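Here is a small set of exercises to work through with a structure viewer open. Try each task yourself before reading its solution.

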Amino acid sequence: MKKLIYSLSLILVCVFLSSCATAPKPTPRVTKDPTPPSIKRSDIYHVVGPGETLWRISKTYDVPIKRILRANRISERAILQMGQQIKIPMATDPKPVISLYPSSKWRYIIVHHSATEVGNSLAFHKAHLKRGWDRGIGYHFVVSNNSSDRKEGQIEATPRWIKQQDGAHCKASEMNTKAIGICLVGNFNNQNPSKKQLDSLNYIVKKLQDFYNIPTSRVLRHGEVHGVITDCPGHNFPWQGFKNRLD
Ligand SMILES: [Zn+2]
């Protein structure tokens, strides 16, 4: 009996020891969530462009309308004036705000350069009004370079896009009635479009192609429209590379 008790105790001790040896305490794995990329924000001043509303500005800089109103001590009923400078508190870098309107009107996209080294939607609006175009800026979108208060690659939608009106950028082949006109700021006979401009152009053209079902064969440079004699958007525009990225 004594022998049996001794053997049983020995087995129990062994089991205990072996369980201690084979089941080490699991070490907790400490995993860190990746730190979210910090979004830089700062107070900026923004010059109101043609057709811009508080809603559009709020979306562009990711700042609530109420905060913009408070920072500028203006009421909700205030109507922004083109050219007015307003403070945007804690603004992010501008984001593209591309409104898409159901329509069967848009069957082509035409790419232009401004043939000027400087400019933005507001500057072209004033220039086109002076030329006698009563609706002002003839393009639907402008992609900025770094020549104005707009950031390089910033996309501005013009009143003609927001109101879904005909363009005034390509009379030939009646393109004004069926083509979305996009203008990159710059003279690409003398300089090259920047990478940021080309990336923004790619972004907006793809978005418009998807929504309006426009094939890449109908994305045209101004100079290839039937009946047009122009080098727009300039000899330095990397047209083939741009088209390849759309496919
Ligand atoms: Zn053109």
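The exercises below go from the overall fold to single residues, and the model they use is a predicted one.

**Exercise 1. Find out how many helices and strands the protein has, and what pattern they follow along the sequence.**

Solution. Start by counting: there are 7 helices and 7 strands. Next, read along the sequence, which gives α-β-α-α-β-β-α-β-β-α-β-α-β-α. Then look at burial: buried residues make up 30% of the 247 residues. Finally, take the contacts between residues at least 6 apart in sequence; 73% of them join residues at least 24 apart.

**Exercise 2. Work out the strand order of the open sheet of 5 strands, and which strands stand at its edges.**

Solution. Step one is the order, β5-β4-β6-β3-β7, with mixed pairing. Step two follows from it: β5 and β7 each have a single partner strand, so they stand at the edges, and one side of each is left without a neighbour in the sheet. Step three is the twist: neighbouring strands are turned by 25° against each other on average, direction ignored.

Now zoom in on one pair. β4 and β6 run parallel and are joined by 3 bridges. Within this pair, valine 143 has leucine 184 in β6 as its bridge partner.

**Exercise 3. Decide whether strand β1 is well covered or hardly covered, and find its partner strand.**

Solution. First check burial in residues 42-47: the count of buried residues among the 6 is 0, and β1 is hardly covered. Then look for bridges: 5 of them join β1 to β2 (residues 85-91), and the two strands run antiparallel. For a landmark, find valine 47, which stands opposite glutamine 85 in β2.

As a reminder, strands of a sheet pair through backbone hydrogen bonds, either parallel or antiparallel.

**Exercise 4. Check the length of helix α6, then find which of its residues are buried and what covers them.**

Solution. Begin with the length. α6 has 18 residues (195-212), so at 1.5 Å a residue it should span 26 Å; its end C-alpha atoms are 25 Å apart, which agrees.

Next, list the buried residues: Gln197, Ser200, Leu201, Ile204, Val205 and Leu208. They cover an arc of only 125° around the axis, which puts them on the same side of α6. On the other side of the helix, Lys195 and Asp210 are exposed.

Then ask what covers the buried residues. The cover includes β3 (108-113), β4 (141-143), β5 (155-157), β6 (179-184), β7 (219-221) and α7 (239-246).

**Exercise 5. Find where asparagine 213 and alanine 115 lie, and whether each is exposed or partly exposed.**

Solution. Take asparagine 213 to begin with. It follows α6 and is placed in the loop between α6 and β7. Its phi is positive, about 55°, although it is not a glycine. With 11 other C-beta atoms within 10 Å, asparagine 213 is exposed, since the cut-off for exposed is 12 or fewer.

Alanine 115 comes next, in the loop between β3 and α4 (121-130). Its phi is also positive, near 60°. Alanine 115 has 18 C-beta neighbours inside 10 Å and therefore counts as partly exposed.

**Exercise 6. Locate the cis peptide bond that joins cysteine 232 and proline 233.**

Solution. Go to the loop between β7 and α7, where proline 233 lies. Then check omega for the bond from cysteine 232 to proline 233: the value is about 10°, and the bond is cis.

Definitions and conventions:
Residues numbered from 1 in each chain as written. Predicted model: local features only at pLDDT ≥ 70, side-chain atom pairs only at ≥ 80, totals over all residues. Helix = DSSP H or I, 4+ residues; strand = E, 2+ residues; numbered from the N terminus. Expected span 1.5 Å × (residues − 1). Buried ≥ 20, exposed ≤ 12 C-beta atoms within 10 Å, placed from the backbone. Arc of directions from axis to C-beta. Contact = placed C-beta atoms within 7 Å. Pairing = 2+ DSSP bridges. Axes fitted to C-alpha atoms, helices over the stretch in contact; angles between N-to-C directions.
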